[in-house]
Structure formats: C-alpha cells, structure tokens
Amino acid sequence: MSVLFVLTSHETLGDTGRETGLWLEEFLVPYFKIVDAGKAVVLASPKGGTAPIDPASIEAFKASPVYARFLADQVLQNALSRTVKLADVDASNVSAVIYPGGHGPLWDLRDNPASIALIRSLLDQQKPVATICHAGCALLDVKNPDDSPLVKGRAVTAFSDSEEAAVAMENHVPYLVETELKQLGAVYSKAADWADHSVQDGLLITGQNPASSAAVADKVLALLH
C-alpha cells in the first residue's frame with residue numbers, strides 16, 4: 001500500500017503569461033516525511049507524465065536543505081517526470097492521499113472526475129485524504145453519499161483570500177478557495193497570512209499554506225500509524 005501524491009498537470013497561470021504548476025515546498029516537505037517514515041510513495045497527475053513545478057516556488061525554496069536533498073535525489077526527479085495518470089490509480093492500493101498545492105490545481109483538480117472518485121473512494125474505505133493550500137479546491141466538487149457537499153459542516157482550511165490578495169492574484173485565478181469553501185457550508189478557519197495552520201476533521205486533513213506542509217504530513221502519518 002502506497003501513499004499517493006496527486007499533483008497538477010496545469011502549467012499556465014491564468015492570463016498572467018506566467019508559468020505555474022505545483023508549489024515545490026508543499027510537495028517536497030510531505031514527500032520526504034512520508035518516505036523517511038518508511039512508506040512507499042506513488043505520484044500521479046491528471047495527464048500523467050511530467051508534473052510542472054511553479055518556477056516561483058523554486059526561487060522561494062532554493063536555499064532550503066530540503067531543496068538540496070531534492071536536487072541530489074535522481075529517483076524523485078525521475079518520478080516527477082513519469083507520474084501515473086490519475087485515472088489509472090486503483091484506490092484499493094492506496095493507504096492515503098496528499099494533494100500539494102500551487103495555483104495549478106485550481107484549473108485541473110477541482111472538477112477532475114478521477115480525483116473526485118478517488119477522494120470519495122478513499123473516505124469510504126476509511127483512509128486519510130489531505131490537501132495543502134490551493135489544493136483544497138480538490139474537495140469542492142466532492143459529494144457525500146446523500147449528494148450534499150463533502151465539506152458542508154466540516155472543519156477545513158486552505159489558502160486564504162487574504163493570502164491570494166497579498167500575492168496580487170485574486171483577479172487572475174478562476175475562483176478563491178476560501179470563498180468557495182464557505183459558500184458550500186464548510187467550517188473554514190485560518191491563521192495569520194503565511195502562518196502554519198492545519199485542521200483535522202476525522203480522516204480529512206487540510207493545510208492553509210506552504211508553512212502548513214509538515215503538519216499535514218505529520219497528521220497523515222499519525223492516522224496511518
């Protein structure tokens with residue numbers, strides 16, 4: 001049984017002309033925590049193949065020893081260039097799923113049928129589902145068995161509207177994750193911009209921003225143990 005990381009395949013940042021993709025810290029920090037705990041890992045994305053990395057996330061993280069470890073890890077770099085197509089993932093072979101953020105997921109993970117089915121299946125199998133930052137969008141279109149929104153009445157967090165405004169992207173993204181969660185009836189909470197804040201509601205684990213990545217991974221590992 002493997003811990004699955006679902007990464008974005010989307011690489012164009014709205015109408016800005018900039019590249020996007022996954023936010024590297026939100027992937028690498030949980031990835032190495034999971035690997036160091038002795039868990040097998042599988043990487044998947046909607047299109048399969050290479051998962052794009054937001055260049056800004058490399059610039060923000062390049063001084064970190066975690067980034068240095070990534071540069072020295074050829075196995076991981078190869079895996080990022082050969083992600084499994086999400087529709088080909090068998091939920092019965094997955095022990096937990098983690099969705100790292102970045103702006104990319106806003107475009108290709110909210111309404112992805114394979115992602116929606118995966119999240120529903122894992123929760124039905126009593127397995128942890130975790131999202132970080134913008135990847136909270138992957139929860140928005142998931143339904144409960146009674147067809148109500150999965151997040152309705154659930155304690156969650158995700159990248160805040162104030163953080164989106166702080167990076168001057170609120171007018172370039174297709175929607176604001178905090179706003180959408182609240183409109184669906186989620187019990188949304190947040191800390192100060194860029195502060196570590198993670199929330200666990202049963203098997204559902206969510207993190208607000210990059211600083212929350214480690215805590216999300218720790219909560220997943222605690223459930224797996």
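Okay, let's start with one residue: Lys190 is partly exposed, at 40% relative accessibility. Before I say who Lys190 pairs with, please keep in mind that this is a predicted model.

So, which residue does Lys190 meet in a salt bridge? The partner is Glu178, with 3.8 Å from N to O. Lys190 sits in the loop between β7 (187-188) and β8, while Glu178 belongs to helix α8, residues 177-183, so the pair ties together parts that are twelve residues apart in sequence. And is Glu178 buried or exposed? Glu178 counts as buried, at 4% relative accessibility.

Now let's step back to the sheet. Seven strands make up an open sheet, and if you read across, the order is β3-β2-β1-β4-β5-β9-β8. The pairing is mixed. Which strands stand at the edges? Those are β3 (84-85) and β8 (198-201), and each has a single partner strand, so one side of each is left without a neighbour in the sheet. As a bit of background, strands of a sheet pair through backbone hydrogen bonds, either parallel or antiparallel.

Look at β1 and β4 for an example. Strand β1 covers residues 2-6 and strand β4 covers residues 94-99; they run parallel, and four bridges join them. If you want one spot to click on, take Ser2, whose bridge partner in β4 is Val94.

Then there are helices against that sheet. Helix α1, residues 24-36, packs on the sheet and touches β1, β2 (40-45), β4 and β5 (129-132). The direction of α1 makes about 175° with that of β1. Helix α9, residues 213-224, lies across β1, β4, β5, β8 and β9 (204-207), and α9 runs at about 165° to β9.

Back to charges, with these helices in mind. In general, side chains of opposite charge can pair when their charged atoms come close. How many salt bridges does a search of the whole structure find? There are nine.

One of them joins Asp218 and Lys33, where the closest N and O atoms are 3.0 Å apart. Asp218 lies in helix α9 and Lys33 in helix α1, so this pair ties together parts that are 185 residues apart in sequence. Asp218 is partly exposed at 37% relative accessibility, and Lys33 is partly exposed too, at 29%.

Helix α1 turns up again in the pair of Arg69 and Asp36, with the closest N and O atoms 2.7 Å apart. Here Arg69 lies in helix α3, residues 65-71, and Asp36 in helix α1, so the pair ties together parts that are 33 residues apart in sequence. Arg69 is partly exposed, with a relative accessible area of 36%, whereas Asp36 counts as exposed at 52%.

There's also a network of salt bridges, and it links Arg110, Asp141 and Glu180.

Last topic, the cysteines. How many disulfides does a search of the whole structure find? Zero. Why does Cys133 have no such bond? The closest cysteine sulfur, in Cys137, is 10.0 Å from the sulfur of Cys133, and that is too far for a bond; a disulfide needs the two sulfur atoms within 2.5 Å. Both of these cysteines are tucked away: Cys133 is buried, with a relative accessible area of 2%, and Cys137 counts as buried at 0%.

That's my tour, so over to you.

Note on methods: Residues numbered from 1 in each chain as written. Predicted model: local features only at pLDDT ≥ 70, side-chain atom pairs only at ≥ 80, totals over all residues. Heavy atoms only, no water. Pairing = 2+ DSSP bridges. Helix = DSSP H or I, 4+ residues; strand = E, 2+ residues; numbered from the N terminus. Contact = heavy atoms within 4.5 Å. Axes fitted to C-alpha atoms, helices over the stretch in contact; angles between N-to-C directions. Salt bridge = Lys/Arg side-chain N within 4 Å of Asp/Glu carboxyl O. Buried < 20%, exposed > 50% of the residue type's maximum accessible area, 1.4 Å probe, protein only.
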